[in-house]
Amino acid sequence: MSVSLIVMGAAGRMGSAIARLAVESEDLTLAALVERPEHQEKVTRPAGAEVIVASRLEDALFGVPGAVIIDFTAPAVTMETVRTASRHGSPVVIGTTGFSADQRKQLDDLARRTPLFLSPNMSVGVNVLLEELPRLAAMLGDAYDMEVTEIHHNRKKDAPSGTAARLAEALAGARGWDPSGSERRCRDGIIGERPHQEIGIQAVRGGDVVGVHTVYFLGHGERIEVTHHAHSRENFAVGALRAARWMAGRKPGRLYAMSDVLQTSGQ
Ligand code: NAD
């Protein structure tokens, strides 16, 4: 059975990549594209497909009840998407990054009554890395300092990336540290010696870099660097569509993540 999709932020870098791939997929139906009024003329309507173009999600949902919504926009917009979806019982796949702690808590609460999926990085490679890094950290042991760097294009609005924060969280978890207490997002001035229980996260911005994340394990006389390079946005779009297939008809429960999809879909 084909899964119907509504793409929020359809004129955006991610929204347009997702719409393009959805049209090419035999098991997906691109039903509606939603974009804010000022950007409506930038929305590309796929040739040969009947697609609703709307400026409000509510209007699109009346046309396609039960569709899975994919949202790559901005935190405040996504929060509104989730509230609207909640009224209709529609599942939402969230790719937006940069949520505040309060917004993130609201998403956790809303996920109990609305099927919600959130992944700050939809790439299969990054998600496998998230699963495997704690094993590496545990094997190397306490003698290795851990640091994370990320590089993104010059139009990215939030820093550090949601993925860098997740990587640091996974590393802190492997050591049994509280992630918020061990993260160090900025170093400047006379900062003194590096505390042992610390994971630095640094952001580099420039050009058209789609996304590079490196985790460093720094020991005595050696270091390991594990780097993931995203070559194009398509890899995130492929992951988002995979998550949308998995979310179709799913019951609410908790905020689902890519690890749920990877564990159960086995593709
Ligand atoms: P973008 O600015 O190119 O696209 C965002 C789009 O949302 C724009 O077209 C904008 O007009 C639209 N929009 C804003 N308000 C809207 C509204 N009320 N209704 C409908 N559309 C609205 O940004 P992007 O590069 O596509 O990234 C979007 C988000 O996705 C960012 O938070 C980014 O960090 C995140 N992102 C996540 C992943 C991942 O794998 N999870 C990958 C890449 C980007």
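**Figure 1. Polar contacts of the ligand with Gly-95, His-39 and Gly-12**. A polar backbone atom of Gly-95 lies 3.0 Å from a nitrogen atom of the ligand. Taken alone, the ligand exposes 860 Å², and the protein buries 82% of that. The model shown here, and in the views that follow, is predicted. At His-39 the partner is in the side chain: one of its N or O atoms is 2.8 Å from an oxygen atom of the ligand. At Gly-12 the backbone takes part instead, with an N or O atom placed 3.2 Å from a ligand oxygen atom.

**Figure 2. The ligand in its pocket**. The pocket that holds the ligand is the largest pocket. Around the ligand there are 24 residues. Those that come nearest are Glu-35, Arg-36, His-39, Thr-97 and Met-122. His-39 also appears in the previous view, where its side chain has an N or O atom 2.8 Å from a ligand oxygen atom.

**Figure 3. Phe-72 in the loop between β4 and α3**. Strand β4 covers residues 68–71, and helix α3 covers residues 75–88. Phe-72 counts as buried because its relative accessibility is 15%, under the 20% limit. Leaving aside neighbours within four places in sequence, Phe-72 is in contact with Met-8, Gly-9, Met-14, Ile-18, Gly-95, Thr-96, Met-122 and Ala-240. Among these contacts, Gly-95 has a polar backbone atom 3.0 Å from a ligand nitrogen atom, and Met-122 is one of the residues that come nearest to the ligand. Phe-72 and Gly-12 are 60 residues apart along the chain, and their C-alpha atoms are separated by 8.0 Å.

**Figure 4. Gln-103 in helix α4**. This helix runs over residues 101–110. Gln-103 has a relative accessible area of 17% and is therefore buried. Apart from neighbours within four places in sequence, Gln-103 is in contact with Pro-75, Ala-76, Met-79 and Gly-98. Of these, Pro-75, Ala-76 and Met-79 fall within the residue range of helix α3, 75–88.

**Figure 5. Ala-164 in helix α6**. Helix α6 is made up of residues 162–175. With a relative accessibility of 0%, Ala-164 counts as buried. Neighbours within four places in sequence aside, the residues in contact with Ala-164 are Val-148, Glu-150, Ile-201 and His-213. How far apart are the C-alpha atoms of Ala-164 and Gly-12? They are separated by 22 Å, and the two residues are 152 residues apart along the chain.

Conventions: Residues are numbered from 1 along each chain as its sequence is written. This is a predicted model: local features need pLDDT of at least 70, side-chain atom pairs count only at pLDDT 80 or more; totals for chains, interfaces and linings use all residues. Side-chain values use heavy atoms; hydrogens and water are left out. Helices (H or I, at least four residues) and strands (E, at least two) are DSSP runs, numbered from the N terminus. Buried means under 20% relative accessible area, exposed over 50%, partly exposed in between (1.4 Å probe, protein chains only). Contact means heavy atoms within 4.5 Å. A residue is near a molecule or strand if one of its heavy atoms lies within 4 Å of it. A polar contact is a pair of N or O atoms within 3.5 Å; within protein, one must be able to donate a hydrogen and the other to accept it, and residues adjacent in sequence count only if both atoms are side-chain atoms. Accessible areas come from the Shrake-Rupley method with a 1.4 Å probe; for residues, only the protein chains shown count as cover. On a 1 Å grid over the protein atoms alone, a cavity is a set of points where a 1.4 Å probe fits but cannot get out, and a pocket is an open set with protein on both sides within 12 Å along at least five of seven lines; lining residues have an atom within 4 Å of a point. A molecule sits in a cavity or pocket if more than half of its atoms lie within 2 Å of its grid points.
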